[in-house]
Amino acid sequence: MKTILLNTTPMPVNNIYCIGRSYAEHISELNNVPSDNPVVFLKPTTSLTTANQLTLPKFSNDIHHEVELVLYIGTDIDDHKIPTLDDIAGYAVGLDLTARDIQSQLKAKGHPWTLAKGFKNAAWVSPFVAGVPSVHHLSLAVNGQLRQNDSTDKLLYNFTYQLHYLHAHFGLRAGDLIFTGTPKGVGQLKTGDTLVAGLDDKRFELSVI
Ligand code: MG
């Protein structure tokens, strides 16, 4: 079973939900159209990694980084209950790695994105900070160059709305992760890159091997 660290305690991971098109400037940079509701997709738990070395898949020539705030659900939420921020046990910075070339091909055919989003190591997360999220600063530097640098206050769908939407349609349970979407500045990763992911004043170093 895959686990994350909540402070220093290993915790099991259940579903991995991801929200797409959640920041206006990211929608524009990919020439996508805004959606009336959150775009939801899932990653298999086997795609999750907490290692500080990432290996990229061979089937894509264009793996992109998407830095995101990731939420950890701490409790089984009854189907008849309305979720609140207090159901969140912790939050982390994560990378929603995306095979952009494969995703473009799948989009053109109207097919699901799973291959582009669910490969091994496609869901990296830092250790989780215990507590309820508020407004957080996210950043990602690649080889010393700051590429993504934004605040979660620009989210088109705030955390409460994301919880309501996911719980209403799927049902949230203890151990679920939610990748809440990426701000502008996504770009390509290559073998040999060094990355620094930022969550407020915390920094996490990774390398692509
Ligand atoms: Mg994303």
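# Exercises on a predicted model

One cavity of 30 Å³ or more is counted in this structure, which is a predicted model. The exercises below begin with that cavity and then turn to the metal site, the strands and some single residues.

## Exercise 1: The largest cavity

Describe the space in the largest cavity and state which residues and elements line it.

Step 1. The space in the largest cavity comes to about 130 Å³. Its lining is made up of 17 residues, and those closest to the centre are Gly20, Arg21, His26, Glu66 and Trp113.

Step 2. Turning to the elements, we find that β3 (16–20) and α2 (100–109) each give at least two residues to this lining, and that the largest share, three residues, is supplied by α2.

Step 3. Sorted by class, the lining of the largest cavity holds seven charged, six polar and four nonpolar residues.

## Exercise 2: The magnesium ion

Which residues coordinate the magnesium ion, and how are these donor residues spaced in sequence?

Step 1. The ion is coordinated by Glu66 and Glu68, each through OE, and by Asp96 through OD, at 2.0 to 2.1 Å.

Step 2. Written as a pattern, the spacing of the donor residues is E-x1-E-x27-D. Glutamate 68 belongs to strand β8 (residues 67–73) and aspartate 96 to strand β9 (residues 88–96), so this pair ties together parts that are 28 residues apart in sequence.

Step 3. To judge burial, recall that a residue counts as buried under 20% relative accessible area. Glutamate 68, with a relative accessible area of 0%, is buried, and aspartate 96, with 1%, is buried as well.

## Exercise 3: Strand β3 and its partners

Work out whether β3 is enclosed or open to the outside, and name the strands with which β3 pairs.

Step 1. Five of the five residues of β3 are buried, so this strand is largely enclosed by the rest of the structure. The burial applies to both faces, with Ile16, Cys18 and Gly20 on one side and Tyr17 and Ile19 on the other.

Step 2. With strand β4 (residues 39–43), β3 pairs in the antiparallel sense over five bridges, and within β4 it is valine 40 that stands opposite isoleucine 19.

Step 3. With strand β15 (residues 177–179), β3 pairs in the parallel sense over three bridges, where isoleucine 16 has leucine 177 of β15 as its bridge partner.

## Exercise 4: An open sheet of five strands

In what order do the five strands of the open sheet run, and which strands stand at the edges?

Step 1. The order is β6-β18-β17-β13-β14, and the pairing in this open sheet is mixed.

Step 2. The edges are taken by β6 (53–54) and β14 (145–151), each of which has a single partner strand, so one side of each is left without a neighbour in the sheet.

Step 3. As an example of a pair from this sheet, strand β13 (residues 137–142) and strand β17 (residues 194–199) are joined in the antiparallel sense over five bridges, and alanine 141 has valine 196 in β17 as its bridge partner.

## Exercise 5: Two buried residues

Place leucine 138 and glutamine 103 in their elements and describe their surroundings.

Step 1. Leucine 138 lies in strand β13 and is buried at 0% relative accessibility.

Step 2. Leaving out residues up to four places away in sequence, leucine 138 touches a set of residues that includes Tyr23, Val67, Leu69, Val93 and Leu199, and the metal ligand Glu68 is also among them. From lysine 107, by contrast, leucine 138 is 28 Å away in space, C-alpha to C-alpha, at a separation of 31 residues in sequence.

Step 3. Glutamine 103 lies in helix α2 and is buried, with a relative accessible area of 3%. Beyond its neighbours within four places in sequence, glutamine 103 is in contact with Thr98, Trp113, Ala116 and Lys117.

## Exercise 6: Positive phi in two loops

For asparagine 31 and aspartate 200, give the phi value, the loop and the degree of exposure.

Step 1. Asparagine 31, a residue other than glycine, has a positive phi near 55°. The loop that holds asparagine 31 runs between α1 (24–29) and β4, and at 70% relative accessibility this residue counts as exposed.

Step 2. Aspartate 200, also not a glycine, has a positive phi of about 55°. Aspartate 200 is found in the loop between β17 and β18 (202–208), and at 32% relative accessibility it counts as partly exposed.

Definitions and conventions:
Residues numbered from 1 in each chain as written. Predicted model: local features only at pLDDT ≥ 70, side-chain atom pairs only at ≥ 80, totals over all residues. Heavy atoms only, no water. 1 Å grid on protein atoms, 1.4 Å probe; cavity = no way out; pocket = protein on both sides within 12 Å on 5 of 7 lines; lining within 4 Å. Points joined across faces, edges and corners; volume = space filled by probe spheres on them. Helix = DSSP H or I, 4+ residues; strand = E, 2+ residues; numbered from the N terminus. Nonpolar A, V, L, I, M, F, W, Y, C, P; charged D, E, K, R; others polar. Donors = N, O, S within 2.8 Å, 3.2 Å for Na, K, Ca; no water. Buried < 20%, exposed > 50% of the residue type's maximum accessible area, 1.4 Å probe, protein only. Pairing = 2+ DSSP bridges. Contact = heavy atoms within 4.5 Å.
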